[in-house]
Amino acid sequence: MPVLRASDHTLKIPGSGEEFTGEFTFVQAADCQFGMEWVSRMGFHTYDEGYDEATWEKEKEWSRSFVGMVNKIDPVFAIMCGDILDAWPEKWPETRDRQKADFYEIYDQLKVPLLCVCGNHDVGNSPTPQTVDRYRSDFGDDWYSFVCRGLFGIVINSQYYADSSRVGDLAKEHEEWLEKQLARAKDYTHSVVFQHIPWFLNDPNEDKLYFNFEIDLRTKMTEKFMDAGISKVFCGHYHRNAGGWFKDRVELIVTSAVGQQLGTDKNGFRVVKVAEKEITHEYVTLDDV
């Protein structure tokens, strides 16, 4: 089944109504990132020079395993939380085109809808209107919402919070849209957010690192989510499993990569079960196929 592309910042999952009709499952994954395994072997300097020689056979192998496992689980949908491809869109556009072709060849074999979330490698660490347009052409809107069986999903582009210096108008539009979505959140059985970069990794009061946000911004946003009734925030980016709670009311879940790992976790994804009273989740490794 092809990737579902949002338009006008909304997305409709086929066969799913707005009302909760019983327990269901979805799959959350992140960072299939075709090309990163090669970079981890050859050195991160290759992002600046030599990346046109990159290969991604391991990512293709991992993604085929992921697709096979998801098809067996048969969730209502799967969602990839950013860094779909590895090549920087401004620096290596031709290599990125080849990665995209291989991504679609593999992920078109999914029997369930795949939703995409924008990551930093998908628009650049400092996105531009051009890289955002390219992402939208390749994967659909970079922010959108959807309703699936009583679950309200808000998909945001976390890169606007990391660096909006060249996309100020887009970031403003994104924030205004987000406020409207949060105003709707309490109308549904469950409301959750999907994004790439996590607000924090383990502790809301932890220091700023490459993989999280400044404490003032993270506190502002998680407070806003809490007040709106958001119960879960699903993220990627860290290439390890992590997560924690904000004031015991908002759970932030950091899911390790389908692709290259940066820690001791194994490649995998998260199976999320949605019941009327709660949402539970479990990390499943590709070794379990």
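Strands β8 and β9 pair in the antiparallel sense over five bridges, and within this pairing A242 stands opposite V254 in β9. The model in which these strands appear is a predicted one. Both strands belong to an open sheet of six strands with mixed pairing, ordered β4-β5-β6-β7-β9-β8. Its edge strands are β4 (144–148) and β8 (242–246), each of which pairs on one side only. From one strand to the next, the twist averages 15 degrees.

Two helices may be considered against this sheet. Helix α7 (residues 168–184) packs on the sheet and touches β4 and β5 (151–155), its direction making about 165 degrees with that of β5. Helix α8 (residues 215–228) also packs on the sheet, touching β6 (190–194), β7 (232–235), β8 and β9; its direction makes about 65 degrees with that of β8.

The loop between β9 (250–254) and β10 (268–274) contains Q261. Q261 counts as buried because its relative accessibility is 12%, the cut-off being under 20%. Its side chain makes a polar contact with the side chain of S256 (2.5 Å), and a polar atom of the Q261 side chain lies 2.7 Å from the backbone oxygen of A257. Beyond its neighbours within four places in sequence, Q261 is in contact with H239, S256, K266 and N267.

Helix α2 is the last element to consider. The 17 residues of α2 (residues 57–73) should span 24 Å at 1.5 Å a residue, and its end C-alpha atoms are 25 Å apart, which agrees. Among its buried residues are W62, F66 and V70. The cover over the buried residues of α2 includes β1 (24–29), α1 (36–42), α3 (93–107) and β10. After α2 comes D74, with a positive phi near 60 degrees.

Technical notes
Residues are numbered from 1 along each chain as its sequence is written. This is a predicted model: local features need pLDDT of at least 70, side-chain atom pairs count only at pLDDT 80 or more; totals for chains, interfaces and linings use all residues. Side-chain values use heavy atoms; hydrogens and water are left out. Helices (H or I, at least four residues) and strands (E, at least two) are DSSP runs, numbered from the N terminus. Buried means under 20% relative accessible area, exposed over 50%, partly exposed in between (1.4 Å probe, protein chains only). A polar contact is a pair of N or O atoms within 3.5 Å; within protein, one must be able to donate a hydrogen and the other to accept it, and residues adjacent in sequence count only if both atoms are side-chain atoms. Contact means heavy atoms within 4.5 Å. The expected span of a helix is 1.5 Å times one less than its number of residues. Two strands pair if DSSP finds at least two bridges between them. Axes are lines fitted to C-alpha atoms, for helices over the stretch in contact, and angles run from 0 to 180 degrees between N-to-C directions.
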